Amino acid sequence: MPDINKDKTCCFFGPRKIDETAELKNNLCGIIEDLSVNEKVDTFLFGSKSHFDDLCHEIVTDLKEKYPHIKMMNFLKTIENYD
């Protein structure tokens, strides 16, 4: 597992369904880029079960081309049974 500085990490875990608009996508892109550039956030964590998570993953993937130091990690939900 990569070294993660919790002060330089952003997590995305959002609602399963969202109304994706150009305005929402542009706002998220601006916020995420600001976090990376001005707040030096370099690690982004994503859930795996929602439209919001997918949208944020897409945005960070695009920004990673401009800022290759960015690290991305996906987390999968699992169900464990304890008998």
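Does phenylalanine 52 count as buried or exposed, and at what relative accessibility? At 18% relative accessibility, phenylalanine 52 counts as buried, because buried means under 20% relative accessible area. This residue lies in helix H2, which is a good place to begin a tour of the protein. Please keep in mind that the model is predicted.

**The overall plan**

- The secondary structure of the protein comes to 2 helices and 3 strands.
- Starting at the N terminus, you will meet these elements in the order β-α-β-α-β.
- Of the 83 residues in the protein, 27% are buried.
- If you take the contacts between residues at least 6 apart in sequence, 82% of them join residues at least 24 apart.

**The sheet**

- The 3 strands form an open sheet with the order E1-E2-E3, and their pairing is parallel.
- Strand E1 (9–12) and strand E3 (71–74) stand at the edges; each has a single partner strand, so one side of each is left without a neighbour in the sheet.
- On average, neighbouring strands of this sheet are turned by 20° against each other, direction ignored.
- E1 and E2 pair in the parallel sense over 4 bridges.
- Along this pairing, you can find cysteine 11 opposite leucine 45 in E2, and phenylalanine 12 opposite phenylalanine 46 in E2.
- Strand E2 (residues 43–46) also pairs with E3 in the parallel sense, over 4 bridges.
- Here threonine 43 stands opposite lysine 71 in E3, while phenylalanine 44 stands opposite methionine 72 in E3.

**The two faces of the strands**

- A helpful rule to remember is that in a regular strand the side chains alternate between the two faces of the sheet.
- In E1, Cys10 and Phe12 belong to a covered face, whereas Thr9 and Cys11 belong to an uncovered one.
- In E2, Thr43 and Leu45 point one way, and Phe44 and Phe46 point the other way.
- What do these four residues of E2, Thr43, Phe44, Leu45 and Phe46, have in common? All are buried.

**The two helices**

- How do helix H1 (residues 22–38) and helix H2 (residues 51–66) pack, and at what angle? They pack at an angle of about 55°, with their axes 10 Å apart.
- That angle makes H1 oblique to H2.
- The crossing of H1 and H2 is right-handed.
- On the H1 side, the residues that meet H2 are Leu24, Lys25, Leu28, Cys29, Ile32 and Glu33.
- On the H2 side, the residues that meet H1 include Phe52, Leu55, Cys56 and Glu58, and also Ile59, Val60, Leu63 and Lys66.
- Sorted by class, the contact of H1 with H2 has 10 nonpolar, no polar and 4 charged residues.

**Phenylalanine 52 and aspartate 53**

- Phenylalanine 52, one of the H2 residues that meet H1, can also be compared in position with phenylalanine 13.
- The two phenylalanines, 52 and 13, are 39 residues apart along the chain, and their C-alpha atoms are separated by 7.4 Å.
- Aspartate 53 is found in helix H2 as well.
- Is aspartate 53 buried or exposed? Aspartate 53 counts as buried because its relative accessibility is 4%.
- Leaving aside residues up to four places away in sequence, aspartate 53 touches Phe12, Phe13, Gly14, Phe46, Gly47 and Ser48.
- Among these contacts, Phe46 is one of the E2 residues that are buried, and Phe12 is on the covered face of E1.
- Aspartate 53 and cysteine 11 are 42 residues apart in sequence, and their C-alpha atoms are 9.4 Å apart in space.

**A residue to look at in a loop**

- Where is lysine 40 found? Lysine 40 is in the loop between H1 and E2.
- Lysine 40 counts as exposed because its relative accessibility is 52%.
- As background, most residues other than glycine have a negative phi.
- Lysine 40 has a positive phi of about 60°, although it is not a glycine.

Key
Residues are numbered from 1 along each chain as its sequence is written. This is a predicted model: local features need pLDDT of at least 70, side-chain atom pairs count only at pLDDT 80 or more; totals for chains, interfaces and linings use all residues. Side-chain values use heavy atoms; hydrogens and water are left out. Two strands pair if DSSP finds at least two bridges between them. Axes are lines fitted to C-alpha atoms, for helices over the stretch in contact, and angles run from 0 to 180 degrees between N-to-C directions. Angles under 35 degrees count as roughly parallel, over 145 as roughly antiparallel, 65 to 115 as roughly perpendicular and the rest as oblique. A crossing is left-handed if the near helix is turned anticlockwise from the far one by less than a right angle, and right-handed if clockwise. Contact means heavy atoms within 4.5 Å. Ala, Val, Leu, Ile, Met, Phe, Trp, Tyr, Cys and Pro count as nonpolar, Asp, Glu, Lys and Arg as charged, and the others, Gly among them, as polar. Buried means under 20% relative accessible area, exposed over 50%, partly exposed in between (1.4 Å probe, protein chains only).
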